[in-house]
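Good morning, and thank you for joining this session. I shall introduce one structure, beginning with the whole protein and ending with a single pair of helices.

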Amino acid sequence: MNNAYDGIILGAGHNGLILQAYLGRAGLKVLSLERKGVAGGGLSTLEDPRYPGFLHNTHAFFQRAITMMPWYADLELARHGADFIEPELNVVLLTGDGRALEWWTDVARTIASFREFSPRDADTLRRWHDEFVPIVRDILTWESRSPPLPPDERRRLLERSAAGRRLLAVSELSPLEFVHQEFEHPTVQAGLLFFNGLREVDLRAGGFGHHIAALLASPAKAQMSRGGTAALARALEETVRASGGEIRLFTEPKRIMVEHGRAVGVETGAGEVIRARRFVASSLNPHQTFLDLLDPSLVPREVRDRVESFEYNLLAPLFALNLNLREPPIYTAAAERPELAQAFMVIMGLDHVDQFHDIIRHHAAGTIPPTVMWGACPTLFDPTQAPAGRHTAFMWEKLPHRLYGDAANWDGARDAHGREMLAVWERHAPNLADAVIDSFTRSPLDTERSLPNMREGDLLVGAFTGGQVGYHRPFPGAGTYRAHLPGLYLCGSSSHPGGNITGLPGYNAAQVILADLGIEADWMPQPIAARLAAL
Ligand SMILES: Cc1cc2nc3c(=O)[nH]c(=O)nc-3n(C[C@H](O)[C@H](O)[C@H](O)COP(=O)(O)OP(=O)(O)OC[C@H]3O[C@@H](n4cnc5c(N)ncnc54)[C@H](O)[C@@H]3O)c2cc1C
């Protein structure tokens, strides 16, 4: 194997692979190094070793609007085998008293469902949807697909247009303040925070008041990958290889090599030296990149302090219960509402907005709150994920990483907690009592073991609090995908716009690296400053 490349990427998750594919298509010879035996990171599907044919998506499953992402078309992923399903009844919140708040791909049907809870809230939803459609279309979508602007420049540009001024005004609030100010029904408030906020931002944090309105207006709905989440990883690998890229598995970097103040390669754990003529890009977290892989003498005090105070999400860690089933869950509420038999994401245990405060308190204390959980039965939409006539299903719950003060407590507590979740599930779907063939659980500690970049079990790889957003993500001075050393770049979820399967940190890093190398590419979007100036 040749051991000199134009560039080396650390970590072959989806962000690393997307960056690698774009750079390969630009004619660069790029290698990615991956510690696991399989590429894809959070794009992971495992077969139950006890029951062949039952597939489980152990990390990402609900993927927001993948088919609308620019890289999905640019990298021709459909041609490389990716295929996505977008169920119409996209999200359902089942209440304790047997009602259902429904979120459809068709906004008119969503509004009709909200009307059953509160006519005023249905009208409010319509108003925010209509007002934010152009803001999402003309501003927010493009901001997420571009290297971020310095905050002052961004504000100055946004203040020039009515849409920009509206966005700035609404974003002053926190999501919690927004729903309390705008909506009246506690279940609607809870549902909106859950659908739109809980998985992305800290609901108490100012600066995110626009988030709910933006997601109400966004055409981006939850999708799933046919054949399992890993099918997208396989398509990405194929497109990387088709562009001449190499992916080296079971390979962990020991240090990033620096010569004359510039990143020039990587030494692996096995002692191999691999040189990079033009760049090294890390999709790992800031602790790994700056503290584990760089010699301390190469990290200025100021950078070290910023990395050490980089925060991970208190509320992001997930606990998962996975089931092999004889039949899909049959929800009691479906007797009155037959459409529930085809619901995609199902939320249970959440009736009132005040539960969020309780969940936050439990996370801070390291204790387990009353169960609020969400999940799906993938085989309802994609029968290939289980043997004929059989099903898989899962539920996730947000639970603290440091259980009772120490993440190691999860290994003893895991199975009992899985049984408690199943009991809650059976209250809504009593047929599960006789339908389970096999089950297994995964804790926030298992997440970190599987993907160590998800430090503290944070699947978003960095909080959105403490100013760790946009131009200042992961921290001031590193927000444009460039680290403090020439030739060293960042391309993972710790960079703008953050975690989840968006591929946008990798997509944006590709824009920056190619621009720095003076390589033009026809897929690049119009610079964001010019776009905002033209509003
Ligand atoms: C239980 C769970 C459920 C989730 N559900 C969803 C969901 O439904 N929808 C959604 O959009 N997102 C979901 N996510 C989040 C999503 O998986 C992540 O945000 C996403 O995978 C981050 O992508 P990435 O490419 O930045 O990092 P990753 O996917 O984590 O990829 C990083 C890669 O780097 C590798 N690596 C780590 N350390 C090293 C090292 N030292 N040397 C070499 N390689 C290394 C890892 O093995 C991995 O392959 C979920 C995550 C979890 C844990």
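Let me begin with a definition: two residues are in contact when they have heavy atoms within 4.5 Å. The model before you is predicted, and in this protein 73% of the contacts with a separation of 6 or more are between residues 24 or more positions apart.

Turning to the overall form, the protein holds 17 helices and 19 strands. Its radius of gyration is 23 Å, and the globule rule gives 24 Å for 535 residues; the two values are close, so the protein is as compact as a globular protein of that length. Along the principal axes, the C-alpha atoms fill a box of roughly 70 × 60 × 45 Å.

How much of the protein is buried? Of its 535 residues, 61% count as buried. The accessible surface amounts to about 20,100 Å², and carbon and sulfur atoms contribute 51% of that surface.

I now come to the pair of helices. Two packed helices are described by the angle between their axes and by the distance between those axes. Helix 5 spans residues 151-158 and helix 6 spans residues 162-171; their axes come within 7 Å and cross at roughly 125 degrees. Helix 5 is therefore oblique to helix 6. On the side of helix 5, the contact is made by Arg-154, Arg-155 and Leu-158. Helix 6 contributes Gly-164, Arg-165, Leu-167 and Leu-168. By character, the residues of this contact between helix 5 and helix 6 comprise three nonpolar, one polar and three charged.

Key: Residues numbered from 1 in each chain as written. Predicted model: local features only at pLDDT ≥ 70, side-chain atom pairs only at ≥ 80, totals over all residues. Heavy atoms only, no water. Axes fitted to C-alpha atoms, helices over the stretch in contact; angles between N-to-C directions. Helix = DSSP H or I, 4+ residues; strand = E, 2+ residues; numbered from the N terminus. Parallel < 35°, antiparallel > 145°, perpendicular 65-115°, else oblique. Nonpolar A, V, L, I, M, F, W, Y, C, P; charged D, E, K, R; others polar. Rg over C-alpha atoms; globule rule 2.2 N^0.38 Å. Buried < 20%, exposed > 50% of the residue type's maximum accessible area, 1.4 Å probe, protein only. Areas by Shrake-Rupley, 256 points an atom, 1.4 Å probe, with all protein chains shown as cover.
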